[in-house]
Amino acid sequence: MDQLPEPAFAPQARLRLAELAERLQAAVAAQVAAPTWLAAAVDQHAAEVRDALTDRHGRVRVVALAAYADGVLDTAGRRGWTIETSTRPSWPLLRLFAVSALTPSAV
């Protein structure tokens with residue numbers, strides 16, 4: 001399997017995703033009492049994100065994942081949504097949980 005070089009800005013993308021994960025921790029605490037379907041919903045969202053971002057080598061690039069997360073945050077933010085004000089597992093929150101779940105395996 002050929003190795004793809006990591007773009008010069010990949011470290012910044014990883015930092016951005018780490019910051020997102022920290023912000024999600026508070027949201028996770030608010031979701032602790034959520035129904036058991038939450039994990040399944042996050043898995044489904046992760047599969048959809050993975051399908052959308054997989055490159056021709058079958059990998060999800062960390063830079064693409066960070067850009068996707070920023071797009072979700074920007075779009076939801078224009079509609080008044082924020083991680084900090086989310087009180088239920090909304091679409092943006094589930095999508096961002098999915099991004100966070102995919103981050104460790106991103107290249």
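**Entry 1: Val-63**

I started with the contacts of Val-63 in this predicted model. Not counting residues up to four places away in sequence, Val-63 touches Pro-7, Phe-9, Ala-10 and Ala-13. I then checked one of these pairs by C-alpha positions: Val-63 and Ala-10 sit 5.7 Å apart in space, with their positions 53 residues apart in sequence. The residue belongs to helix H3. Is Val-63 buried or exposed? Neither word fits, because its relative accessible area is 24% and the cut-off for buried is under 20%, so I noted Val-63 as partly exposed.

**Entry 2: the whole chain**

Next I stepped back to the overall layout. I counted 4 helices and 0 strands in the protein chain, so to speak an α-α-α-α order when read from the N terminus. Of the 107 residues, 36% are buried. I also looked up the surface: the chain exposes about 6,400 Å², and carbon and sulfur atoms supply 58% of that. How many of the contacts between residues at least 6 apart in sequence join residues at least 24 apart? The share is 77%.

**Entry 3: H3 against H4**

Helix H3 covers residues 62-78 and helix H4 covers residues 91-102. Two packed helices are described by the angle between their axes and the distance between the axes, and I wrote down both. H3 and H4 pack at about 165°, and their axes are 10 Å apart. Angles over 145 degrees count as roughly antiparallel, which is why I logged H3 and H4 as roughly antiparallel to each other. Their crossing is left-handed. From H3, the residues making the contact are Leu-65, Tyr-68, Ala-69, Val-72, Leu-73 and Ala-76. H4 brings Trp-91, Pro-92, Arg-95, Leu-96, Val-99 and Leu-102. Sorted by class, that gives 11 nonpolar residues, no polar ones and 1 charged residue.

**Entry 4: Val-99**

I picked Val-99 of helix H4 for a closer look. Why does Val-99 count as buried? Its relative accessibility is 0%, so Val-99 falls under the 20% cut-off. Leaving aside neighbours within four places in sequence, I found Val-99 in contact with Leu-17, Leu-20, Leu-65, Tyr-68 and Ala-69. The C-alpha atoms of Val-99 and Ala-69 lie 6.7 Å apart, although the two residues are 30 apart in sequence.

**Entry 5: H2 against H4**

I turned to the other pairing of H4 on my list. H2 and H4 pack at about 70°, with 8 Å between their axes. Because 65 to 115 degrees counts as roughly perpendicular, I logged H2 and H4 as roughly perpendicular to each other. On the H2 side I listed Leu-38, Ala-41, Val-42, His-45, Ala-46, Glu-48, Val-49 and Arg-50. On the H4 side I listed Trp-91, Leu-94, Arg-95, Phe-97, Ala-98 and Leu-102. Which classes make up this contact? I noted 10 nonpolar, 1 polar and 3 charged residues.

**Entry 6: Leu-53**

My last stop was Leu-53 in helix H2, which runs over residues 37-53. Leu-53 has a relative accessible area of 18% and is therefore buried, given the cut-off of under 20%. Beyond neighbours within four places in sequence, Leu-53 is in contact with Arg-59, Val-60, Ala-64, Leu-65 and Tyr-68. For one of these, Ala-64, I looked up the separation from Leu-53: 11 residues in sequence and 6.8 Å in space, C-alpha to C-alpha.

Definitions and conventions:
Residues numbered from 1 in each chain as written. Predicted model: local features only at pLDDT ≥ 70, side-chain atom pairs only at ≥ 80, totals over all residues. Heavy atoms only, no water. Helix = DSSP H or I, 4+ residues; strand = E, 2+ residues; numbered from the N terminus. Buried < 20%, exposed > 50% of the residue type's maximum accessible area, 1.4 Å probe, protein only. Contact = heavy atoms within 4.5 Å. Areas by Shrake-Rupley, 256 points an atom, 1.4 Å probe, with all protein chains shown as cover. Axes fitted to C-alpha atoms, helices over the stretch in contact; angles between N-to-C directions. Parallel < 35°, antiparallel > 145°, perpendicular 65-115°, else oblique. Left-handed = near helix turned anticlockwise from the far one by under 90°. Nonpolar A, V, L, I, M, F, W, Y, C, P; charged D, E, K, R; others polar.
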